[in-house]
Amino acid sequence: MSWLLNLYETYQSNLDCVGVIETRYNDREYTLLPVSHTTQNAHILVEITESGEFHSATVIEKVDSSTLIPCTEESSSRAGSKVAPYPLHDKLSYVAGDFLTYGGKIKKEEPFAEYIKNLGEWANSSYACAKVKSIYNYLNKRQLIRDLVDTKIIFLDADQQLIDKWDKKYEALHGEKPAIFSAVAGEQESAFVRFNVYSPDKELTKVWKDAEMYDSFVQYYSHLLGQDDYCYVTGRMLPSTERHANKIRNAADKAKLISSNDTSGFTFRGRFTQSSDAASISYEVSQKAHNALKWLINRQGKIVDQRVFLVWGNDDLNIPDPTEDFFSFDPEPAAGRAIKSYTHKEYADEIARAMDGYRNKLASENKSDVNILVLDSATTGRLAVLYYRNMDKQLYLNKLIHWHSTCAWLHRYRKDAQEEWVEFYGAPATKDIAFAAYGPRANEKIVKGLMERILPCIIDGHRIPEDIVRSAFHRASNPVALEKWEWEKTLSITCALINAKEEMDVALDTEIDDRSYLFGRLLAIADVLERRALDSDEKRSTNAIRYMNAFSQHPERTWNTIQKSIQPHQARLGTKLRYYSSLIDEVASKISLEQFNNKPLSGKYLLGFYSQRHELYQKKDKINDSTQAPENEER
């Protein structure tokens, strides 16, 4: 129940956002829904005058189809042939009083009778506003389809009956395929209609965006709710509900988080006689918690193959996302801070400093919690909480600092606001870890599974699963199978994963005598030596890169091959490559005779390779190639 309570409190803390339209990706609109409201994709807009007369109608463009509508408990969960009308906007078969006149098909009783009865009770109540009465007065005339036919929105066949689906035979009657048949996936009668009130004298707020309309229905419907029961979330006596919201991830999502329709067959597996014996949740809490969840997912959630990854704070919504890399919430490039030594401690201090910006926001807060929630559905009707943690915000930030300080390396695959490649230090994003381990074309089911498995490593300090590290290691050791940019990205991410266990520095450590680390250094020197010897416009891979996979498995044998391949360059350029030649001798001399064998290398060889290569490319002072370090080169 804690996640429901936290969502309910989030709703209460953001009441000023209720009904306020916001936008996110691709200008997609969303809002924090009022109680007793949901969203629906509408196909037809009908404009009605204040006096209750038909004014005009249009087919709605798909980008503008999302509509905020009032709903009841019954209508929010209606299915099949069940008649449960929405209070205002609904399908043509519900809102058109002349539906049967034009050949409309119904399975049982006429939906319009129940619809107009409910709308009339709202319109005639003390809570109704003028717009509700205008819409009711028009629909009660039972001529909606006739008006839609006259304005060429809905189309009839030669027998004056509704056309089910468009066919070329109707071109003789109506010409080219009308817009309504492209807007509606099924038959015309399944078109969803939304209403608006038009005034020639003044500009009125659209009905589905009008706060007065929201309040009117909320106040009206609150008096129709059932008896009070004990709410397990708030601990108060409030009207309860057994019907809970769907459409959590998107407007077409039918999966529910809470459901209790086991009244036949298993009958709660013999443990309860009715659903309320297990738990009772009030209507208000259910509505506000689910609406807050929908809003948060639209606002800041991340969805991968319908799996939702969401992090938010009860008081401060904008919390650093644990699945993102450090660059996402601290985009200032590491190089811009004049860090010279590239040591673990120095970067850890930088990460802690960046997090202080979030810490400072907490100074005046009494309660500072962070919620991490992962949702997914196994079937179309059931949604499950796969992972949930509620923790102190200070503790959460400390966990992030630890993650970005340990599973960390120097990366160069992000761009700044000027579209320039920049270096940043820290942990990679979980999605990038998935691509490093399984490739950029990995199935989304695999990606979302890895992201879920990495979360406990970030939040709870668990070790990164060995199979993920191993998979990334093998891909980083096979550069010839990847494009150059992909391999460079995979290499730095793999180094970060290995470093989570080894805790080494990006800066080259010449004191390390680990066999794998030293072999990695040799490979890097051979790569840079050959690259420098080649023409500047030569794009082919060096022998060190081409043999990298074999080198990781059989270092002694493969090193002999690589060394033979660079000897012509050493002989041809002589003193210009003396620095690299002497460096090879220096590093090779540190590997003992017993360790210079074909035993496969550990992940440390990648750390040695990266650090040595990084060190060589960072050298800027060119004094004398025969005795000094080489000048800075482009990789």
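## Overall picture

The protein chain has an accessible surface of about 29800 Å². Carbon and sulfur atoms account for 46% of that surface. The model is a predicted one.

The chain holds 635 residues, and buried residues make up 52% of them. Its secondary structure comes to 23 helices and 17 strands. Contacts often link distant parts of the sequence: of those between residues at least 6 apart, 67% join residues at least 24 apart.

## Helices H4 and H9

Two packed helices are described by the angle between their axes and the distance between the axes. Helix H4 covers residues 111-123, and helix H9 covers residues 211-222. They pack at an angle of about 100°, and their axes are 10 Å apart. Angles of 65 to 115 degrees count as roughly perpendicular, so H4 and H9 are roughly perpendicular to each other.

From H4 come Asn118, Glu121 and Trp122. They meet Met213, Ser216, Phe217 and Tyr220 in H9. By class, the residues of this contact are 4 nonpolar, 2 polar and 1 charged.

## Helices H14 and H16

Helix H14 (residues 430-438) crosses helix H16 (residues 466-476) at roughly 60°. Their axes come within 7 Å. That angle makes H14 oblique to H16.

On the H14 side, the contact uses Ile433, Phe435, Ala436, Ala437 and Tyr438. On the H16 side, it uses Asp467, Ile468, Ser471, Ala472 and Arg475. The contact of H14 with H16 has 7 nonpolar residues, 1 polar and 2 charged.

## Ile562 in helix H21

Ile562 sits in helix H21, which runs over residues 555-573. Its relative accessibility is 0%. Buried means under 20%, so Ile562 counts as buried.

Which residues is Ile562 in contact with, leaving aside its neighbours within four places in sequence? They are Leu523, Ala526, Asn543, Ala544, Tyr547 and Phe551. Arg546 is 16 residues away from Ile562 along the chain, and the C-alpha atoms of the two are separated by 9.5 Å.

## Helix H23

Helix H23 has 15 residues, 604-618. At 1.5 Å a residue, H23 should span 21 Å. Its end C-alpha atoms are 21 Å apart, which agrees.

H23 is largely enclosed by the rest of the structure, because 12 of its 15 residues are buried. Among them are the aromatic-named positions Tyr605, Phe609, Tyr610 and Tyr617. Leu606, Leu607 and Leu616 are buried too, as are Gly608, Ser611, Gln612, Arg613 and His614.

Conventions:
Residues are numbered from 1 along each chain as its sequence is written. This is a predicted model: local features need pLDDT of at least 70, side-chain atom pairs count only at pLDDT 80 or more; totals for chains, interfaces and linings use all residues. Side-chain values use heavy atoms; hydrogens and water are left out. Axes are lines fitted to C-alpha atoms, for helices over the stretch in contact, and angles run from 0 to 180 degrees between N-to-C directions. Helices (H or I, at least four residues) and strands (E, at least two) are DSSP runs, numbered from the N terminus. Angles under 35 degrees count as roughly parallel, over 145 as roughly antiparallel, 65 to 115 as roughly perpendicular and the rest as oblique. Contact means heavy atoms within 4.5 Å. Ala, Val, Leu, Ile, Met, Phe, Trp, Tyr, Cys and Pro count as nonpolar, Asp, Glu, Lys and Arg as charged, and the others, Gly among them, as polar. Buried means under 20% relative accessible area, exposed over 50%, partly exposed in between (1.4 Å probe, protein chains only). Accessible areas come from the Shrake-Rupley method with a 1.4 Å probe; for residues, only the protein chains shown count as cover. The expected span of a helix is 1.5 Å times one less than its number of residues.
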